[in-house]
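Please work through the exercises below with the sequence and the model side by side, and try each task before reading its solution.

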Amino acid sequence: LTQAIGNVLSNAYKYSPGGGNVSIDFPEVTEKVGIRIRDQGMGMTPEQLQRVFERFYRADSSGKIPGTGLGMSIVKEIVDLHGGHIELESKVGAGTTVTIWLQSQPAAADDAEPAKTVRKDTP
């Protein structure tokens, strides 16, 4: 998950000209845990958004922004392996928002009996 979040943050900074603002917040939903990363960068068209998870796809075809086009495909693979999903929102000239959603773990019941340790004493 560290790799996935790092890739999204890397893109947010790379595609934000002049060091634009990047924000991180954690949406509150009871059955899911989310991390939302927003940038104020160049944004993407609907066509680019459709392809963002393809291996080697680059939204920037100018070659001015470094990268291999593997970052978001790796993010998707990691999130899928954790049983989560990704939401993308983007508007050209207004930035991109990536939200990674994962299932939260069920809380342990307060009234559950603590685990017992069985110990055998040897003579």
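The exercises that follow concern a predicted model, and each task comes with a worked solution.

**Exercise 1. Find which residues of helix α3 are buried, and find the elements against which they pack.**

Step 1. Helix α3 covers residues 71-81, and within this helix the buried residues are M72, S73, V75, I78 and V79.

Step 2. Looking outward from these positions, the buried residues of α3 pack against α1 (2-14), β4 (85-91) and β5 (95-103).

Step 3. Following the chain beyond the helix, one comes to G83, which has a positive phi, near 75°.

**Exercise 2. Describe how α1 and α3 are arranged relative to each other.**

Step 1. Two packed helices are described by the angle between their axes and the distance between the axes.

Step 2. For α1 and α3 the angle is about 150°, and the axes are 9 Å apart.

Step 3. An angle over 145 degrees counts as roughly antiparallel, and α1 and α3 are therefore roughly antiparallel to each other.

Step 4. The crossing in which α1 passes α3 is left-handed.

Step 5. On the α1 side the contact is made by Q3, A4, N7, V8 and N11, which meet G71, M72, I74, V75 and I78 of α3. Sorted by character, the residues of this contact of α1 with α3 comprise six nonpolar and four polar ones, with no charged residue among them.

**Exercise 3. Decide whether T99 is buried or exposed, and list its contacts beyond its neighbours within four places in sequence.**

Step 1. T99 is found in strand β5.

Step 2. A residue counts as buried under 20% relative accessible area, and T99, at 2% relative accessibility, is therefore buried.

Step 3. When the neighbours within four places in sequence are left aside, T99 is in contact with P27, I35, R36, H85, I86 and E87.

**Exercise 4. Work out which parts of the chain are tied together by the salt bridges of R36 with D25 and of R55 with E77.**

Step 1. Side chains of opposite charge can pair when their charged atoms come close. The whole structure contains five salt bridges.

Step 2. In the salt bridge between R36 and D25, the closest N and O atoms are 2.9 Å apart. Because R36 belongs to strand β3 (residues 32-39) and D25 to strand β1 (residues 22-25), this pair ties together parts that are eleven residues apart in sequence. R36 is buried, with a relative accessible area of 18%, whereas D25 is partly exposed at 23%.

Step 3. R55 and E77 also meet through their side chains in a salt bridge, at 3.0 Å from N to O. Since R55 lies in the loop between α2 (46-51) and α3, while E77 is in helix α3, the pair ties together parts that are 22 residues apart in sequence. R55 is exposed, with a relative accessible area of 52%, and E77 counts as partly exposed at 40% relative accessibility.

**Exercise 5. Examine the salt bridge between D80 and K76, and then identify the network that includes R38.**

Step 1. The side chains of D80 and K76 meet in a salt bridge, with 3.0 Å from N to O.

Step 2. Both residues are in helix α3, and because D80 and K76 are four residues apart there, about one helical turn separates them.

Step 3. D80 counts as partly exposed at 41% relative accessibility, and K76 likewise counts as partly exposed, at 32%.

Step 4. Turning to the network, D25, R36 and R38 are joined into one by salt bridges that share partners.

Key:
Residues numbered from 1 in each chain as written. Predicted model: local features only at pLDDT ≥ 70, side-chain atom pairs only at ≥ 80, totals over all residues. Heavy atoms only, no water. Buried < 20%, exposed > 50% of the residue type's maximum accessible area, 1.4 Å probe, protein only. Helix = DSSP H or I, 4+ residues; strand = E, 2+ residues; numbered from the N terminus. Contact = heavy atoms within 4.5 Å. Salt bridge = Lys/Arg side-chain N within 4 Å of Asp/Glu carboxyl O. Axes fitted to C-alpha atoms, helices over the stretch in contact; angles between N-to-C directions. Parallel < 35°, antiparallel > 145°, perpendicular 65-115°, else oblique. Left-handed = near helix turned anticlockwise from the far one by under 90°. Nonpolar A, V, L, I, M, F, W, Y, C, P; charged D, E, K, R; others polar.
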